[in-house]
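Reader: I should be grateful for a close look at one part of this model, namely the space enclosed in its interior. Please then relate that part to its surroundings.

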Amino acid sequence: MIWDVIQREAIYLWYYFEVQLRQIVFYWALGIVIGSVISVFGKQKIHSLMTVIQDKKLGVFGIIPASLIGIASPLCMYGTIPIAASFSQKGMRDDYLAAFMMSSVLLNPQLLIYSAALGNFALCVRFVSCFLCGTAAGLVVRFCFKDKHFFNFDGFSERASRDTDPNLFMRLLKNIGRNIKATGLWFLLGIFLSAVFQRYVPSDAFAKLFVNNKGFGLLMAATIGVPLYACGGGTIPLLQQWLADGMSMGSASAFMITGPATKITNLGALKIVLGIKHFAFYIVFVMVFALVSGFIVNLI
């Protein structure tokens, strides 16, 4: 009897798992390929644009392209910090670095492609909110920490690239392999959790949390982004199901801000370069921005 129940539940879970896998695996694979292409062939050019911004002396307006370059950068936080350290050593302003690092934490080309599985509106919301968060971070550092150093990059230096194979095709294949290894397990785990959610979480209970009370749902989404977020690709299946069950786009937006910004591995690196006081300021900034942006998206 118990074995029959286990078999039945396994069949249900596999059904939900397989359906969602078919829906979004294309976006995951496309994101892997595009992210690797940018990493192998365009990463240095993208990062060299930061030097161009510094040389152009754009003033406060340089924060805008710095934030965009952060989104275009394919590096994770542990790759971004050494790059930012090298920029700082060359005299890059802290407000430009803040915009670059903040948007780089939140979004990259690979995750942007993944997010297309959520629909065009969600994709636009994610891009715009992450860009504005990076821009806001740059403005805050510029005007609130004008005469102080916001970052401390002592001990950080730019790491040697792992894309060194002389054969360009093999270099690309190796990069794709590393990306699959880094994200594949989390992607499958996200789909499994989504299948469990569809099978065992009543839609009316979910509605009470995120639909009937949008204010509380917004706060809840921003809060659960802190412990739940482990990998961007792994959260796409969950967000897809939550949105289908009635989560507001504002709540999803708040989750997409607080999740990557407070990811444990990112926080560990950021605490080192920010120090205790600036690190606390960073957490408050992220939570406030997530709530405000989510509220605005809900109004839209």
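Author: In this predicted model, the largest cavity holds about 170 Å³ of space. Its lining is made by 14 residues, and those closest to the centre of the cavity are Ala98, Met102, Ala137, Phe150 and Tyr282. Three elements each give two or more residues to this lining: α5, which covers residues 94–106, α7, which covers 120–144, and α13. Of these, α13 supplies the largest share, with five residues. The character of the lining is uniform, for the residues divide into 14 nonpolar, no polar and no charged. When cavities of 30 Å³ or more are counted, the total is two.

The setting of this cavity is a chain built from helices. The protein chain has 13 helices and zero strands, and reading along the sequence one therefore meets the pattern α-α-α-α-α-α-α-α-α-α-α-α-α. Of the 300 residues in the chain, 49% are buried.

Helix α13 deserves further attention, as it also takes part in a feature of the surface. This helix spans residues 264–299 and gives six residues, the largest share, to a nonpolar patch. The patch is a surface area of about 840 Å², made by Phe121, Val284, Val288, Val292, Phe295, Ile296, Leu299 and Ile300. Phe295 is one of these patch residues, and its place is in helix α13. Helix α13 thus appears in two settings: it gives five residues to the lining of the largest cavity, and six residues to the nonpolar patch on the surface.

The other two helices of the cavity lining lead to a further space, this time an open one. The second largest pocket contains about 210 Å³ of space. Its lining consists of Arg93, Asp94, Asp95, Val141, Arg142, Phe143, Phe145, Lys146, Asp147, Lys148 and His149. Here the elements that give two or more residues are α5 and α7, and α7 gives the most, with three residues. The lining of this pocket divides into three nonpolar, one polar and seven charged residues. The lining of the largest cavity, by comparison, has no charged residues.

Among the charged residues of the pocket lining are Arg93, Asp95 and Arg142. Which contacts do these residues form? Side chains of opposite charge can pair when their charged atoms come close. Arg93 forms a salt bridge with Asp95, and the closest N and O atoms of that pair are 3.0 Å apart. Asp95 also forms a salt bridge with Arg142, in which the closest N and O atoms are 2.9 Å apart. Since Asp95 lies in helix α5 and Arg142 in helix α7, this second pair ties together parts that are 47 residues apart in sequence. Through the shared partner, the salt bridges join Arg93, Asp95 and Arg142 into one network. The count of salt bridges in the model comes to two.

Are the members of this network buried or exposed? Asp95 has a relative accessibility of 3%, and because this is under 20%, Asp95 counts as buried. Arg93, with a relative accessible area of 31%, is partly exposed. Arg142 is likewise partly exposed, at 22% relative accessibility.

Two further residues illustrate how parts that are apart in sequence are placed in space. Phe255 is found in helix α12, which covers residues 249–261. At 1% relative accessibility, Phe255 counts as buried. Phe255 and Thr223 are 32 residues apart in sequence, and their C-alpha atoms are 7.7 Å apart in space. Phe192 belongs to helix α8, which runs over residues 168–200. With a relative accessible area of 41%, Phe192 is partly exposed. Along the chain, Phe192 and Trp14 are 178 residues apart, and a distance of 8.6 Å separates their C-alpha atoms.

To return to the part requested, the largest cavity has a lining of 14 nonpolar residues, to which α5, α7 and α13 each give two or more. Helices α5 and α7 also each give two or more residues to the lining of the second largest pocket, and the salt bridge between Asp95 and Arg142 ties a residue of α5 to a residue of α7.

Technical notes: Residues are numbered from 1 along each chain as its sequence is written. This is a predicted model: local features need pLDDT of at least 70, side-chain atom pairs count only at pLDDT 80 or more; totals for chains, interfaces and linings use all residues. Side-chain values use heavy atoms; hydrogens and water are left out. Patches are made of residues with over 30% relative accessible area and no salt bridge: like charges are joined within 9 Å, nonpolar side chains (Val, Leu, Ile, Met, Phe, Trp, Tyr) within 5 Å. Accessible areas come from the Shrake-Rupley method with a 1.4 Å probe; for residues, only the protein chains shown count as cover. A salt bridge is a side-chain nitrogen of Lys or Arg within 4 Å of a carboxyl oxygen of Asp or Glu. Helices (H or I, at least four residues) and strands (E, at least two) are DSSP runs, numbered from the N terminus. On a 1 Å grid over the protein atoms alone, a cavity is a set of points where a 1.4 Å probe fits but cannot get out, and a pocket is an open set with protein on both sides within 12 Å along at least five of seven lines; lining residues have an atom within 4 Å of a point. Grid points are joined across faces, edges and corners, and a volume is the space filled by probe spheres set on the points. Buried means under 20% relative accessible area, exposed over 50%, partly exposed in between (1.4 Å probe, protein chains only).
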